[in-house]
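Open your viewer and get the selection tool ready. We will walk from one side chain to the next, with a short stop at each.

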Amino acid sequence: MSSIDIVIPNYNYGRFLEGCVESVLGQNIPDMRILIIDNASTDDSVAVARSLATTNPRIETCLRPKNLGGHASFNEGIDWARAD
């Protein structure tokens with residue numbers, strides 16, 4: 001089966017991040033990575049992302065110290081992905 005990388009760009013949506021990740025994990029795809037790119041959120045997004053990555057090895061994070069905008073997050077996700 002092919003591998004899949006799911007990119008989740010985030011900015012100040014910490015309250016939705018766990019539910020979003022749980023929804024993706026609920027798809028039951030065996031060879032999958034979830035790549036969370038946080039764009040210097042000012043809410044609890046970084047703590048949520050770190051907690052999720054700690055509890056599941058399929059979740060990775062990129063936690064930016066400076067907001068580079070949404071397009072930069074999308075482009076970084078494409079560059080970061082390595083799945084089939």
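Buried means under 20% relative accessible area, exposed means over 50%, and partly exposed lies in between (1.4 Å probe, protein chains only). By that rule S41, with a relative accessible area of 13%, is buried. Before you click further: this is a predicted model, where local features need pLDDT of at least 70, side-chain atom pairs count only at pLDDT 80 or more, and totals for chains, interfaces and linings use all residues. Residues are numbered from 1 along each chain as its sequence is written, and side-chain values use heavy atoms, with hydrogens and water left out.

**Stop one: S41**

Select S41 in the loop between β2 and α2 (45–55). Helices (H or I, at least four residues) and strands (E, at least two) are DSSP runs, numbered from the N terminus. Now show polar contacts, meaning pairs of N or O atoms within 3.5 Å; within protein, one atom must be able to donate a hydrogen and the other to accept it, and residues adjacent in sequence count only if both atoms are side-chain atoms. The S41 side chain makes one such contact with the side chain of D38 at 2.6 Å, and another with the side chain of N10 at 3.5 Å. Leaving aside residues up to four places away in sequence, S41 touches N10, Y11 and N12, where contact means heavy atoms within 4.5 Å.

**Stop two: R33**

Next, look for salt bridges: a side-chain nitrogen of Lys or Arg within 4 Å of a carboxyl oxygen of Asp or Glu. How many salt bridges does a search of the whole structure find? There are three.

Select R33 and D5, whose closest N and O atoms are 2.9 Å apart in a salt bridge. R33 lies in strand β2 (residues 32–38) and D5 in strand β1 (residues 4–10), so this pair ties together parts 28 residues apart in sequence. Both ends are buried: R33 at 8% relative accessibility and D5 at 17%.

Keep R33 and add E60, its partner in a salt bridge of 3.2 Å, N to O. E60 sits in strand β3 (residues 59–63), so the link to R33 in β2 joins parts 27 residues apart in sequence. E60 is partly exposed at 25%.

**Stop three: R64**

Finally, select R64 and E76, which meet in a salt bridge of 2.5 Å, N to O. R64 lies in the loop between β3 and α3 (70–80) and E76 in helix α3, so the pair ties together parts twelve residues apart in sequence. R64 is buried at 9%, while E76 is partly exposed at 26%. For a last view, select D5, R33 and E60 together: salt bridges with shared partners join them into one network.
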